[in-house]
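User: I would like a close look at a single part of this protein, taken slowly and set within the rest of the fold. Please choose one helix and describe its surroundings with care.

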Amino acid sequence: MYKSKLLGIVALMVIFSICFCVCYDLVFVKQENLIESDSASDSEAIESQVSSQIIPSSSLSPPSYVEVINSNPVESSSEPVSTETFKPVNSAPVSSSQPAPSVSKPVSPYVGGVQLKLNTGFKGRCYLTFDDGPSKNTAAILDVLRRYNAKATFFVVSSVNLGKVADIHNAGHAIGLHSDSHEYSSIYKGVNEFYSDLNAIRSKVAGYTGQDVRIIRFPGGSNNLVSLTQGKCPGLMTVLTSDVEKKGYRYFDWNVNSCDAEASMMVRINGKRMVPMETIVRSVIEGAESSNGSYKPDICVLMHDLGGKETTVQALPYIIDYLSKIGYTFSVLDENAPDFKYKKLNN
């Protein structure tokens, strides 16, 4: 009798244990899974929210004069977006690892709602200019210019890459003086400080090229406000714009801005904040248009030769090709070039 009761108690304990395990699996494990699922959903929501604040280049509207542009950065090796591809004249790739951009359809006078007025006999001169170099992108820029047989002017600053001015000079391009330090607060403290900076970069360029360069571009342009806000020197630009020419220099501003350094136009591309290539090309083409419905006879295009401006390198083949089709030829800034000066000074 005692053994029977003991076996009964053991059996009840076994049954109770089994029921407890089943209930645990149904309640607690399921609850843990629900918690993990909710956490994953929260993470995805956060990632989605963050991603929505980063505008991919593929979502941007293409330039008004083409329907599709492949906007991968120059480091990529992506294939053209279409087998029916239009390639710019002499569009050999910049290098084996840096394919030239491609356009899915040929340019026509009415693509995208903008009339390009091709084949109208228009003739103009274009002066491509690059500020703030040399940089790691200088070689790629020079390669594009060589392939398109186009000349440009480089307004240089002092940096570890300054020795590349010899490559620029040897390739037949013009070199202009921009700044030794590019520090507005020190350059624009006064007349003496400006010339101290200018003479420093002038001497360094002469050491690399043997040239005594007399072409300059004021940091920030001749109509800058930084000479007042950072240099704290009222009226400085009014004095300098007159004085530099008395000293035998020629200064050049620009009348077409590529917008490749406009912070408000930058988006995140491959982890970097850059102005999309489409925007740069569109800015140049639209900037070349004149108020009378044609194109400006002489344009000076502002671009930048900086390490973080890969999309500028990408845009360059398009810029050269489309301006060529409109009727522009490419020259360097020199003593025979037309004036490109702001009429109104801000300081």
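Analyst: The model is a predicted one, and the protein in it has nine helices and 10 strands. Of its 347 residues, 43% are buried, and among contacts between residues at least 6 apart in sequence, 73% join residues at least 24 apart.

The part chosen here is helix 8, which spans residues 277-287. Nine of the 11 residues of helix 8 are buried, so this helix is largely enclosed by the rest of the structure. The buried residues are Met277, Glu278, Thr279, Ile280, Val281, Ser283, Val284, Ile285 and Gly287, a list in which buried means a relative accessible area under 20%. What do these buried residues of helix 8 pack against? Their partners are strand 6 (256-257), strand 9 (298-304) and helix 9.

The contact with helix 9 can be followed residue by residue. Helix 9 covers residues 310-326, and the two helices pack at an angle of about 35°, with 8 Å between their axes; the crossing that results from this pairing of helix 8 with helix 9 is right-handed. On the side of helix 8, the residues that take part are Met277, Ile280, Val281, Val284 and Ile285, and each of these five also appears among the buried residues of the helix. On the side of helix 9, they meet Thr311, Thr312, Gln314, Ala315, Tyr318, Ile319, Tyr322 and Leu323. Sorted by chemical character, the residues of this contact comprise 10 nonpolar and three polar ones, with no charged residue.

For a second view of burial in this protein, strand 3 (residues 174-179) can be set beside helix 8. Six of the six residues of strand 3 are buried, so strand 3, too, is largely enclosed by the rest of the structure. Strand 3 runs parallel to strand 2 (residues 152-157), to which five bridges join it, and within this pair threonine 153 stands opposite alanine 174 of strand 3. Together with helix 3 (residues 165-170), strands 2 and 3 make a right-handed β-α-β unit. Helix 3 contains aspartate 167, a residue that is partly exposed, with a relative accessible area of 44%. The C-alpha atom of aspartate 167 is separated by 8.3 Å from that of alanine 139, although the two residues are 28 apart along the chain.

Notes
Residues are numbered from 1 along each chain as its sequence is written. This is a predicted model: local features need pLDDT of at least 70, side-chain atom pairs count only at pLDDT 80 or more; totals for chains, interfaces and linings use all residues. Side-chain values use heavy atoms; hydrogens and water are left out. Axes are lines fitted to C-alpha atoms, for helices over the stretch in contact, and angles run from 0 to 180 degrees between N-to-C directions. Helices (H or I, at least four residues) and strands (E, at least two) are DSSP runs, numbered from the N terminus. A crossing is left-handed if the near helix is turned anticlockwise from the far one by less than a right angle, and right-handed if clockwise. Contact means heavy atoms within 4.5 Å. Ala, Val, Leu, Ile, Met, Phe, Trp, Tyr, Cys and Pro count as nonpolar, Asp, Glu, Lys and Arg as charged, and the others, Gly among them, as polar. Buried means under 20% relative accessible area, exposed over 50%, partly exposed in between (1.4 Å probe, protein chains only). Two strands pair if DSSP finds at least two bridges between them. A crossover is right-handed if, with the strands pointing away from the viewer, the path from the first strand over the helix to the second runs clockwise.
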